[in-house]
Amino acid sequence: MLVLLPPSETKSDGGKGVPLDLGELSMPQLTETREMLATALVDLAADTEASNLALGLGPKQADEIERNAKLWVSPTRPALERYTGVLFDALDAKSFTKVQREKAFRRLAMGSALFGAVRAGDPIPAYRLSGGSRLPGFGTLQSLWKPELTDALVTEADGGLVVDLRSGTYQQLGPVPDAMIATVLTEQPDGSRKVVSHFNKHHKGLLARALTVTRAEPSDIKGVARVAAKAGLRVEIASDSELIILT
């Protein structure tokens, strides 16, 4: 089973790992595009105005540009520790036992505008690049990643179940055929249901955690639903490929 998570705009600082070595990342078939984008991002960092425009940054986010400038020389840490925010707070990787952490490295991967996708244990630096960004001289990130990311993820899954919890933007970078998705809906007092961003991220994090710490090996949506329900999530099976999580 491969569980795909979205990345986050916010990332932790520092790390104890050596600087970025693309040869150490999973899915080596993506190396050429990774190197091209990383080089372009570092070059872009030399122009503050262009960086702000391309990356959608404000005047108080100069530190994000500095991160990109130091992409090749800053320390790394596992992707599981690099990404932060609501979803990753709910995943709560800091509380994993050694066995659970090793399982997370086997089961979890994160989508990435810069790297396409990385495994949870892949050593990466802090950076700033969003799925909807457009770097000068390039087309959309979707046009760059889609031809190769789908094949890389399918190969990485190795015939197993893929639970795709990425947001729409990152799913479009590399769609995975036959992947299972989860839709988080909040029930209103009148019985209607709608998507609420905070709860969406939080409950996807809880689902990812449940799928990491469980001893089960779900092979279909029914198995995922059982794991989720056992973890205390309220779920409905909408179709063979869509699980509804109710909040």
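This report walks through a buried arginine, a covered strand and some salt bridges in a predicted model.

## Arg166, tucked away

Let's start with Arg166, which sits in the loop between strand S6 (162-164) and helix H8 (168-173). Its relative accessibility is just 2%, so Arg166 counts as buried.

What does the side chain of Arg166 reach? At 2.9 Å, there's the backbone oxygen of Gly174. Leaving out residues up to four places away in sequence, Arg166 also touches a range of others, including Leu4, Leu5 and Pro6, then Gly111, Leu149 and Leu153, and also Val176 and Lys204.

## Strand S10 and its partners

Next up is strand S10, made of residues 242-246. S10 is mostly covered, with 4 of its 5 residues buried.

Strand S7 (residues 180-187) runs parallel to S10, and 5 bridges join the two. In this pairing, you'll find Leu185 opposite Leu246. Strand S9 (residues 234-237) runs antiparallel to S10, with 4 bridges between them. Here Val235 stands opposite Ile245. To get from S9 to S10, the chain takes a hairpin through 4 residues.

## Salt bridges between helices and strands

How many salt bridges does the structure hold? There are 12. One of them joins the side chains of Glu81 and Arg101, at 2.5 Å from N to O. Glu81 belongs to helix H4 (residues 79-82) and Arg101 to helix H6 (residues 98-107), so this pair ties together parts that are 20 residues apart in sequence. Glu81 is partly exposed, at 33% relative accessible area, and Arg101 is partly exposed too, at 26%.

Another salt bridge brings Arg119 and Glu156 together, at 2.9 Å from N to O. Arg119 is in strand S4 (residues 116-119) and Glu156 is in helix H7 (residues 141-157), so the pair ties together parts 37 residues apart in sequence. Are these two buried or partly exposed? Arg119 is buried, with a relative accessible area of 13%, whereas Glu156 is partly exposed at 22%.

## Back to S9, and a network

Remember strand S9, the antiparallel partner of S10? Its residue Glu236 meets Arg193 in a salt bridge, at 3.0 Å from N to O. That links distant parts of the chain, since Glu236 lies in S9 and Arg193 in strand S8 (residues 193-194), 43 residues apart. Glu236 is partly exposed, with 33% relative accessible area, and Arg193 is also partly exposed, at 36%.

Finally, there's a network of salt bridges that links Glu9, Asp13, Glu64, Arg67 and Arg128.

Terms used:
Residues numbered from 1 in each chain as written. Predicted model: local features only at pLDDT ≥ 70, side-chain atom pairs only at ≥ 80, totals over all residues. Heavy atoms only, no water. Buried < 20%, exposed > 50% of the residue type's maximum accessible area, 1.4 Å probe, protein only. Polar contact = N/O pair within 3.5 Å; in protein donor to acceptor, adjacent residues only side chain to side chain. Contact = heavy atoms within 4.5 Å. Pairing = 2+ DSSP bridges. Salt bridge = Lys/Arg side-chain N within 4 Å of Asp/Glu carboxyl O.
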